[in-house]
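This report goes through one structure by topic, beginning with ring pairs and ending with the surfaces beside the nucleic acid strands. It is meant to be read alongside the sequence and the coordinates.

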Protein chains: 2
Amino acid sequence: MAGTAAIKKAVTCENCSLDNLCIPKGLSQTEVESLGEIVNRNTIRQKGEALYHAGSAFKGIIALRSGSAKLLGVDRNGNEIVVDFMLPGELLGFDGLSTQFHQCTAIALETVNYCRLPAQQIELLAGTIPSLSQILLQRSGEQFDSQIQRMMLMRRTAEERVACFIVQVSERLKARGYAELEFRLSMSREDIGSYLCIAHETVSRIMHHFQTLGLIEVRSRQLKIVNKKGLLALYSE
Amino acid sequence: MAGTAAIKKAVTCENCSLDNLCIPKGLSQTEVESLGEIVNRNTIRQKGEALYHAGSAFKGIIALRSGSAKLLGVDRNGNEIVVDFMLPGELLGFDGLSTQFHQCTAIALETVNYCRLPAQQIELLAGTIPSLSQILLQRSGEQFDSQIQRMMLMRRTAEERVACFIVQVSERLKARGYAELEFRLSMSREDIGSYLCIAHETVSRIMHHFQTLGLIEVRSRQLKIVNKKGLLALYSE
DNA sequence: CGACGCTTTGAGGAGATTCAAGACACGTGG
DNA sequence: CCACGTGTCTTGAATCTCCTCAAAGCGTCG
């Protein structure tokens with residue numbers, strides 16, 4: 001097979017399909033090339049496997065190429081809660097930035113394929129590619145923003161949270177070129193409940209209620225949005 | 001008064017009392033000096049005034065020198081919730097990093113004095129002082145971490161949240177050299193309730209309950225921790 | 001010293017949780 | 001290809017935590 005090198009070449013940053021979602025967005029041609037050379041590419045994890053564990057050393061920022069994952073926060077009592085869901089093109093690992101040890105565990109919700117920008121290289125590259133620091137800082141800020149949005153949800157009722165969750169998943173899938181009105185949820189009701197801070201039974205009940213209202217059609221993890229405006233109206237006062 | 005220049009000199013980064021809490025921590029002598037030259041120093045805001053507004057352009061990272069502030073998140077309906085409380089030595093403004101527009105409003109809870117590292121300079125300095133980017137990235141990660149801690153609290157009862165809040169304020173004051181067992185809360189019950197996602201009446205009731213249990217002594221905003229271990233036990237299972 | 005805002009306290013009610021049991025989907029092995 | 005078993009999802013009923021509304025007490029600041 002003469003193609004091995006070619007395949008490796010095919011998944012470097014320069015011609016990655018995620019280039020306008022991932023780190024390279026905003027970098028120059030040459031910068032992307034030098035970035036491509038130091039990125040660990042094509043790592044694969046199966047459903048249920050960890051990308052990294054809470055307490056383990058921070059090894060770098062990860063860019064999801066395909067598949068989705070959940071980020072679990074762990075408190076001193078060992079309780080786990082879902083901090084965030086990560087979709088293709090999104091970056092994770094920021095929870096290891098401050099202490100150099102991960103505060104969260106990242107678990108694949110389905111088979112995932114990802115790249116990693118090694119931690120040591122981030123420091124070295126800060127001099128070579130100043131804009132890389134800018135981009136990472138910006139992405140880190142996005143994490144912060146989304147946590148704030150999440151906190152805002154906590155003041156609202158369970159119904160509003162579920163409605164918002166469904167719309168957000170839809171929007172994020174749309175941004176990545178997937179169908180926005182009909183999709184399969186990669187996470188369990190338990191995960192959704194944990195993420196929204198409600199019991200998984202409540203998630204079930206509310207989804208069923210939304211179906212009764214003609215807003216969605218739901219069958220286990222398969223979801224179809226029938227009336228998006230109606231969903232939006234539920235949490236936009 | 002020949003002292004004007006001397007006073008200005010006195011509040012530069014090189015001999016700031018917050019140097020091991022603020023940005024300079026981890027920078028070399030010369031790096032701190034060049035940092036000191038571009039920082040806008042000694043800005044003052046009275047209680048209730050804003051350090052910046054949601055929607056306004058991001059002007060840079062702010063370091064609180066004295067006084068405390070609250071960070072308000074605003075959703076599309078105009079509802080405000082307290083995202084975080086900021087104490088002296090802490091950095092804020094990260095909510096403007098991703099979009100270059102602030103997503104939050106920062107309000108002084110008492111008279112505050114702060115410095116600002118201008119946004120444009122951050123980019124320029126990334127080349128000159130590579131470690132500055134590292135530090136900002138690290139600090140940004142801390143924000144993320146504390147939001148995760150906050151989310152973990154949301155799965156717990158109102159009593160556990162209040163107990164945790166009291167201990168956290170105590171710890172943070174201690175880290176900054178203030179009395180850890182007796183202090184005055186700079187925020188209202190309303191603010192605390194918003195931060196913990198509970199009604200302000202519930203905050204009052206629970207604090208009174210803690211007093212009945214002999215854990216604290218509370219009189220309006222004046223707080224004394226009598227039995228810290230007891231408080232800790234309330235949320236450590 | 002008076003007024004306003006913040007804090008405290010009470011009663012009643014709504015929303016969400018918990019516990020329990022049954023239905024369904026999915027993967028495994030026969 | 002179907003039967004089986006396990007884990008997930010759904011549904012119900014009772015309970016409880018916390019919220020809402022209301023009013024009085026207290027502190028602070030002009």
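## Aromatic pairs

Over all chains, the structure, which is a predicted model, holds six aromatic pairs. In one of them, the ring centres of Phe85(B) and Tyr195(B) are 5.1 Å apart and the planes stand at 50°, so the pair is tilted. This pair links distant parts of the chain, since Phe85(B) belongs to strand S5 (residues 80-86) of chain B and Tyr195(B) to helix H6 (residues 189-196) of chain B, with the two positions 110 residues apart.

Both partners are shielded by the protein: Phe85(B) has a relative accessible area of 4% and is therefore buried, and Tyr195(B), with a relative accessible area of 8%, is buried as well. In chain A, ring pairs join Phe85(A), Phe165(A) and Tyr195(A) into a cluster.

## The nonpolar core

The largest nonpolar core has 162 residues. The residues with the most contacts inside this core are Leu51, Phe165 and Ile166 of chain A together with Leu51, Phe165 and Ile166 of chain B. Phe165(A) thus appears both in this group and in the aromatic cluster of chain A.

The surroundings of Leu51(B) can be given in detail. Once its neighbours within four places in sequence are set aside, Leu51(B) is in contact with Ile62(B), Leu64(B), Leu92(B), Ala106(B), Ile107(B), Ala108(B) and Val112(B), and also with Arg45(B), Tyr114(B) and Arg116(B).

## A buried serine in helix H5

Which helix of chain B holds Ser170(B)? The residue lies in helix H5, which covers residues 158-175 of that chain. Ser170(B) has a relative accessibility of 0%, and because buried means under 20% relative accessible area, Ser170(B) counts as buried. When residues up to four places away in sequence are not counted, Ser170(B) touches Glu180(B), Phe183(B), Ile225(B) and Lys228(B).

## The loop between H6 and H7

Cys197(A) has a phi value near 60°, which is positive although the residue is not glycine. Cys197(A) is found in the loop between helix H6 (189-196) and H7 of chain A, and at 12% relative accessibility this residue counts as buried.

For chain B, phi of Cys197(B) is likewise near 60°, again a positive value in a residue other than glycine. Cys197(B) has its place in the loop between H6 and H7 of chain B, and with a relative accessibility of 12% Cys197(B) counts as buried.

## The surface near DNA strand D

DNA strand D is surrounded by 18 residues, of which the closest are Arg189(A), Ser204(A), Ala158(B), Thr202(B) and Arg219(B). Of the strand D atoms within 4 Å of the protein, 61% belong to sugar or phosphate, while the rest belong to bases. By class, the surface near this strand has eight charged, six polar and four nonpolar residues.

Polar contacts reach both backbone and base atoms of the strand. An N or O atom in the side chain of Ser204(A) is 2.3 Å from a phosphate oxygen of DNA strand D, and a polar backbone atom of Ala199(B) is 3.1 Å from a phosphate oxygen of this strand. A polar side-chain atom of Arg205(A), by contrast, lies 2.9 Å from a base nitrogen of DNA strand D. The elements that give two or more residues to the surface near strand D are helix H7 (200-212) of chain A and helix H7 (200-212) of chain B, and the largest share, five residues, comes from H7(A).

## The surface near DNA strand C

Around DNA strand C there are 19 residues, and the closest are Ala158(A), Thr202(A), Arg219(A), Arg189(B) and Ser204(B). Sugar and phosphate account for 59% of the strand C atoms that come within 4 Å of the protein. The surface near this strand has eight charged, seven polar and four nonpolar residues.

At the phosphates, an N or O atom in the side chain of Thr202(A) is 2.5 Å from a phosphate oxygen of DNA strand C, and a polar side-chain atom of Ser204(B) lies 2.3 Å from a phosphate oxygen of the strand. At the bases, a polar side-chain atom of Arg205(B) lies 2.9 Å from a base nitrogen of DNA strand C. H7 of chain A and H7 of chain B are the elements that give two or more residues to the surface near strand C, with the largest share, five residues, coming from H7(B).

Terms used:
Residues numbered from 1 in each chain as written. Chains lettered and ligands numbered in written order. Predicted model: local features only at pLDDT ≥ 70, side-chain atom pairs only at ≥ 80, totals over all residues. Heavy atoms only, no water. Core = buried A, V, L, I, M, F, W, Y, C linked by side-chain atoms within 4.5 Å. Buried < 20%, exposed > 50% of the residue type's maximum accessible area, 1.4 Å probe, protein only. Contact = heavy atoms within 4.5 Å. Near = heavy atom within 4 Å. Polar contact = N/O pair within 3.5 Å; in protein donor to acceptor, adjacent residues only side chain to side chain. Helix = DSSP H or I, 4+ residues; strand = E, 2+ residues; numbered from the N terminus. Nonpolar A, V, L, I, M, F, W, Y, C, P; charged D, E, K, R; others polar. Phe/Tyr/Trp six-rings, centres within 6.5 Å; stacked < 30°, edge-to-face > 60°.
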